[in-house]
Amino acid sequence: MEEVRNEISALAERSPAAKDLMEGVCRQLHERMLKYNWVGFYMLEPGAKPPMLVLESFVGAMTPHTRIPLNQGICGAAASSGKTIVVDDVSKDPRYLSCSLETKSEIVVPIFVHGKVAGELDIDSHFPAAFGIEDQQLVQYCAELVGNKLERS
Ligand code: SME
(Lines give C-alpha, C1' and ligand atoms only; values in the text may rest on other atoms or scores of the structure.)
Protein backbone atom coordinates (compact mmCIF):
# COMPACT_ATOMS: atom_id res chain seq x y z
CA MET A 1 0.00 0.00 0.00
CA GLU A 2 2.85 2.38 0.99
CA GLU A 3 4.66 1.51 -2.23
CA VAL A 4 1.60 2.28 -4.35
CA ARG A 5 1.19 5.58 -2.51
CA ASN A 6 4.81 6.49 -3.30
CA GLU A 7 4.40 5.51 -6.94
CA ILE A 8 1.34 7.73 -7.20
CA SER A 9 3.18 10.67 -5.55
CA ALA A 10 5.92 10.29 -8.15
CA LEU A 11 3.28 10.13 -10.87
CA ALA A 12 1.75 13.40 -9.60
CA GLU A 13 5.15 15.10 -9.74
CA ARG A 14 5.82 14.10 -13.31
CA SER A 15 2.28 14.59 -14.69
CA PRO A 16 2.10 17.83 -16.66
CA ALA A 17 -1.69 18.16 -16.35
CA ALA A 18 -4.55 16.85 -14.20
CA LYS A 19 -5.75 14.68 -17.09
CA ASP A 20 -2.41 12.84 -17.24
CA LEU A 21 -2.49 12.31 -13.49
CA MET A 22 -6.08 11.03 -13.59
CA GLU A 23 -5.21 8.52 -16.33
CA GLY A 24 -2.13 7.42 -14.38
CA VAL A 25 -4.06 7.01 -11.11
CA CYS A 26 -6.66 4.83 -12.87
CA ARG A 27 -3.97 2.64 -14.45
CA GLN A 28 -1.87 2.37 -11.32
CA LEU A 29 -4.68 1.61 -8.86
CA HIS A 30 -6.27 -0.89 -11.24
CA GLU A 31 -2.97 -2.66 -11.87
CA ARG A 32 -1.49 -2.63 -8.37
CA MET A 33 -4.52 -3.01 -6.11
CA LEU A 34 -5.84 -6.45 -6.93
CA LYS A 35 -9.35 -5.91 -5.60
CA TYR A 36 -9.86 -2.61 -7.45
CA ASN A 37 -11.68 -3.92 -10.51
CA TRP A 38 -13.03 -0.65 -11.93
CA VAL A 39 -11.38 2.71 -11.28
CA GLY A 40 -12.68 5.95 -12.74
CA PHE A 41 -13.15 9.68 -12.35
CA TYR A 42 -16.47 11.48 -12.65
CA MET A 43 -16.16 15.26 -12.91
CA LEU A 44 -18.87 17.91 -12.56
CA GLU A 45 -19.76 19.34 -15.95
CA PRO A 46 -18.91 23.06 -15.89
CA GLY A 47 -22.02 25.24 -15.81
CA ALA A 48 -24.49 22.32 -16.11
CA LYS A 49 -27.93 22.99 -14.60
CA PRO A 50 -28.92 20.78 -12.88
CA PRO A 51 -25.37 19.69 -11.95
CA MET A 52 -24.14 16.58 -13.73
CA LEU A 53 -21.26 14.15 -13.11
CA VAL A 54 -19.58 13.08 -16.34
CA LEU A 55 -17.34 10.03 -16.71
CA GLU A 56 -13.77 10.94 -17.67
CA SER A 57 -10.69 8.70 -17.35
CA PHE A 58 -11.41 5.13 -16.28
CA VAL A 59 -9.95 1.63 -16.43
CA GLY A 60 -12.28 -1.40 -16.44
CA ALA A 61 -15.36 -2.43 -18.36
CA MET A 62 -17.46 0.27 -20.03
CA THR A 63 -20.31 1.42 -17.76
CA PRO A 64 -23.81 2.45 -18.83
CA HIS A 65 -23.53 5.34 -16.34
CA THR A 66 -21.52 7.97 -18.19
CA ARG A 67 -23.63 10.90 -16.87
CA ILE A 68 -25.00 10.86 -13.32
CA PRO A 69 -27.18 13.62 -11.81
CA LEU A 70 -26.41 14.50 -8.18
CA ASN A 71 -29.63 12.98 -6.91
CA GLN A 72 -28.74 9.53 -8.27
CA GLY A 73 -26.38 6.75 -7.29
CA ILE A 74 -23.65 6.49 -4.70
CA CYS A 75 -21.72 8.80 -7.00
CA GLY A 76 -24.40 11.49 -6.74
CA ALA A 77 -24.57 11.07 -2.95
CA ALA A 78 -20.78 11.49 -2.52
CA ALA A 79 -20.64 14.57 -4.75
CA SER A 80 -23.64 16.26 -3.15
CA SER A 81 -22.55 15.56 0.45
CA GLY A 82 -18.81 16.15 -0.13
CA LYS A 83 -18.16 13.00 1.93
CA THR A 84 -16.40 9.73 1.16
CA ILE A 85 -18.87 6.86 0.84
CA VAL A 86 -17.87 3.23 1.35
CA VAL A 87 -20.46 0.56 0.57
CA ASP A 88 -19.50 -2.96 1.71
CA ASP A 89 -22.43 -4.66 -0.02
CA VAL A 90 -23.90 -2.75 -2.96
CA SER A 91 -26.92 -5.09 -3.12
CA LYS A 92 -28.08 -3.63 0.20
CA ASP A 93 -27.76 0.04 -0.77
CA PRO A 94 -30.86 1.35 -2.57
CA ARG A 95 -28.85 4.27 -4.02
CA TYR A 96 -26.54 1.95 -5.96
CA LEU A 97 -26.55 2.23 -9.78
CA SER A 98 -25.22 -1.02 -11.21
CA CYS A 99 -22.35 -0.87 -13.64
CA SER A 100 -21.44 -4.55 -13.57
CA LEU A 101 -23.18 -7.61 -12.14
CA GLU A 102 -19.87 -8.63 -10.61
CA THR A 103 -19.54 -5.53 -8.42
CA LYS A 104 -19.93 -6.28 -4.71
CA SER A 105 -18.49 -3.20 -2.97
CA GLU A 106 -17.67 0.39 -3.86
CA ILE A 107 -15.87 3.51 -2.61
CA VAL A 108 -16.47 7.04 -3.87
CA VAL A 109 -14.22 9.91 -2.73
CA PRO A 110 -14.99 13.54 -3.61
CA ILE A 111 -12.32 15.76 -5.19
CA PHE A 112 -12.15 19.32 -3.90
CA VAL A 113 -10.86 22.30 -5.88
CA HIS A 114 -10.60 25.54 -3.87
CA GLY A 115 -12.89 24.07 -1.22
CA LYS A 116 -15.65 23.00 -3.62
CA VAL A 117 -16.50 19.54 -4.97
CA ALA A 118 -15.24 19.34 -8.57
CA GLY A 119 -15.65 15.60 -9.10
CA GLU A 120 -14.84 12.25 -7.54
CA LEU A 121 -12.81 9.09 -7.73
CA ASP A 122 -15.00 5.98 -7.90
CA ILE A 123 -13.74 2.41 -7.40
CA ASP A 124 -15.71 -0.84 -7.67
CA SER A 125 -14.63 -4.26 -6.45
CA HIS A 126 -15.78 -7.77 -7.26
CA PHE A 127 -15.13 -8.58 -3.57
CA PRO A 128 -17.47 -7.69 -0.70
CA ALA A 129 -16.15 -5.10 1.78
CA ALA A 130 -12.97 -4.57 -0.24
CA PHE A 131 -12.33 -1.05 1.06
CA GLY A 132 -10.93 -0.85 4.58
CA ILE A 133 -9.53 2.18 6.34
CA GLU A 134 -6.16 1.95 4.57
CA ASP A 135 -7.85 1.76 1.19
CA GLN A 136 -9.94 4.75 2.16
CA GLN A 137 -6.78 6.69 3.03
CA LEU A 138 -5.06 5.69 -0.21
CA VAL A 139 -8.04 6.66 -2.38
CA GLN A 140 -8.46 9.95 -0.48
CA TYR A 141 -4.77 10.69 -1.02
CA CYS A 142 -5.19 10.13 -4.79
CA ALA A 143 -8.27 12.39 -4.84
CA GLU A 144 -6.30 15.09 -3.00
CA LEU A 145 -3.41 14.93 -5.46
CA VAL A 146 -5.83 15.38 -8.37
CA GLY A 147 -7.57 18.28 -6.57
CA ASN A 148 -4.18 19.96 -6.00
CA LYS A 149 -3.22 19.48 -9.62
CA LEU A 150 -6.54 20.96 -10.80
CA GLU A 151 -6.00 23.97 -8.53
CA ARG A 152 -2.69 24.64 -10.25
CA SER A 153 -3.91 24.23 -13.82
N1 SME B 1 -22.15 2.53 -8.89
C2 SME B 1 -22.17 3.94 -9.14
C3 SME B 1 -22.33 4.24 -10.62
C4 SME B 1 -21.06 4.28 -11.36
S5 SME B 1 -20.47 2.76 -11.82
O6 SME B 1 -20.14 2.02 -10.61
C7 SME B 1 -19.07 2.88 -12.68
C8 SME B 1 -23.26 4.61 -8.34
O9 SME B 1 -24.04 3.94 -7.66
O10 SME B 1 -23.36 5.83 -8.36
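These legends accompany close-up views of a predicted model.

**View 1. Helix α4 and its buried residues.**
Let us start with α4, which covers residues 133-151. How far apart are its end C-alpha atoms, and why does that agree with its 19 residues? At 1.5 Å a residue, the helix should span 27 Å, and its end C-alpha atoms are indeed 27 Å apart, so the two values agree. The buried residues here are D135, L138, V139, Y141, C142, A143, L145, V146, G147 and K149. It may help to recall that an α-helix has 3.6 residues a turn, so residues three or four places apart point the same way. Packed against the buried residues of α4 are two helices, α1 (2-14) and α2 (18-32), along with the strands β1 (38-44), β5 (105-113) and β6 (116-125).

**View 2. Helices α1 and α2 in contact.**
Two packed helices are described by the angle between their axes and the distance between the axes. For α1 and α2, the angle is about 160° and the axes are 10 Å apart. Angles over 145 degrees count as roughly antiparallel, and α1 and α2 are therefore roughly antiparallel to each other. The crossing of α1 past α2 is right-handed. On the α1 side, the contact is made by E3, V4, E7, I8, L11 and A12, while α2 brings L21, G24, V25, Q28, L29 and R32. Sorted by class, the contact of α1 with α2 holds seven nonpolar, two polar and three charged residues.

**View 3. Helices α1 and α4 side by side.**
Here the axes of α1 and α4 come within 11 Å and cross at roughly 5°. Are these two helices parallel or antiparallel? Angles under 35 degrees count as roughly parallel, and α1 and α4 are therefore roughly parallel to each other. From α1, the residues V4, R5, I8, S9 and A12 meet Q137, L138, Y141, C142, L145 and K149 of α4. The contact of α1 with α4 divides into seven nonpolar, two polar and two charged residues.

**View 4. Helices α2 and α4 in contact.**
The axes of α2 and α4 come within 9 Å and cross at roughly 165°. These two helices are therefore roughly antiparallel to each other, and their crossing is right-handed. A18, L21, M22, V25 and L29 in α2 meet L138, C142, L145, V146, K149 and L150 in α4. By class, the contact of α2 with α4 has ten nonpolar residues, no polar ones and one charged.

**View 5. Helix α3 and what covers it.**
How many of the nine residues of α3 are buried? Seven are, and this helix, residues 73-81, is mostly covered. The buried residues of α3 are G73, I74, C75, G76, A77, A78 and A79. Their cover includes the strands β1, β2, β3 (67-69), β4 (85-87), β5 and β6. Just after α3 comes G82, with a positive phi of about 70°.

**View 6. Backbone geometry in three loops.**
Most residues other than glycine have a negative phi, and most peptide bonds are trans. With that in mind, look at the peptide bond from K49 to P50, which is cis, with omega near -5°. P50 sits in the loop between β1 and β2 (52-59). Turn next to H114, in the loop between β5 and β6. Although H114 is not a glycine, its phi is positive, at about 50°. Is H114 buried or exposed? Its relative accessibility is 61%, so H114 counts as exposed. A129 also is not a glycine, and it has a positive phi of about 45°. A129 belongs to the loop between β6 and α4, and its relative accessible area of 46% makes it partly exposed.

**View 7. N6 of helix α1, with V54.**
To close, here is N6, a residue of helix α1. N6 has 45% relative accessibility, so it counts as partly exposed. How far is the C-alpha atom of N6 from that of V54? The two residues are 48 residues apart along the chain, and their C-alpha atoms are separated by 28 Å.

Methods: Residues are numbered from 1 along each chain as its sequence is written. This is a predicted model: local features need pLDDT of at least 70, side-chain atom pairs count only at pLDDT 80 or more; totals for chains, interfaces and linings use all residues. Side-chain values use heavy atoms; hydrogens and water are left out. Helices (H or I, at least four residues) and strands (E, at least two) are DSSP runs, numbered from the N terminus. The expected span of a helix is 1.5 Å times one less than its number of residues. Buried means under 20% relative accessible area, exposed over 50%, partly exposed in between (1.4 Å probe, protein chains only). Contact means heavy atoms within 4.5 Å. Axes are lines fitted to C-alpha atoms, for helices over the stretch in contact, and angles run from 0 to 180 degrees between N-to-C directions. Angles under 35 degrees count as roughly parallel, over 145 as roughly antiparallel, 65 to 115 as roughly perpendicular and the rest as oblique. A crossing is left-handed if the near helix is turned anticlockwise from the far one by less than a right angle, and right-handed if clockwise. Ala, Val, Leu, Ile, Met, Phe, Trp, Tyr, Cys and Pro count as nonpolar, Asp, Glu, Lys and Arg as charged, and the others, Gly among them, as polar.
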